[in-house]
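Reader: Could you take me through one helix up close, from its buried side to its neighbours? A connected account would suit me best.

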Amino acid sequence: NTNTIDADLDLYITEGEPDACVLEQAGFHAISIGSATTPVTHKMLTQISKAKRVILAGDADEHGIAKMTEMQVLLPGSQMLRWSGAKDANELWLRHNDIEEFHNNILQLTERSTCKP
């Protein structure tokens with residue numbers, strides 16, 4: 001759904017449609033790249049780079065981290081979201097099961113992704 005990218009909104013990139021859906025339902029704009037093995041095209045990168053800010057929110061496993069690291073190189077200035085106590089957005093939602101708490105947790109994780117070590 002890269003055609004929905006808005007230059008005025010932050011964009012969360014997930015690894016899997018359920019993760020993008022749960023972020024959308026919580027009020028965030030998100031797209032899915034499919035999986036860690038999905039190739040990212042030049043057209044996709046061009047569309048993604050139109051977003052106000054890109055937050056890479058892939059799975060917190062070996063393949064997900066590798067894919068998001070690759071995306072970070074392809075999208076200079078993008079931020080890597082680190083999941084706390086969950087593998088991905090969907091798992092975090094299932095643990096909270098409260099939309100407001102989930103939304104606030106995503107905001108906190110996003111804020112941490114902007115912090116410099």
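Author: Happy to! In α1 (helices are DSSP runs of H or I, at least four residues, and strands are E runs of at least two, numbered from the N terminus), the buried residues are Asp19, Ala20, Val22 and Leu23; buried means under 20% relative accessible area, exposed over 50%, with a 1.4 Å probe and protein chains only. This is a predicted model, where local features need pLDDT of at least 70 and side-chain atom pairs count only at pLDDT 80 or more, while totals for chains, interfaces and linings use all residues. Residues are numbered from 1 along each chain as its sequence is written, and side-chain values use heavy atoms, leaving out hydrogens and water.

Looking down the axis of α1, the buried residues fall within an arc of 165° (taken from the directions from the helix axis to the C-beta atoms), so they line one face of the helix. Turned away from that buried side are the exposed Glu17, Pro18 and Gln25.

The cover over the buried residues includes β1 (10–14), β2 (30–32), α4 and α5. With α4, the axes (lines fitted to C-alpha atoms over the stretch in contact, with angles from 0 to 180 degrees between N-to-C directions) come within 7 Å and cross at roughly 55°. Pro18, Asp19, Val22 and Leu23 of α1 make this contact with Ala89, Asn90 and Trp93 of α4, contact meaning heavy atoms within 4.5 Å.

Just beyond α1, glycine 27 has a positive phi of about 95°.
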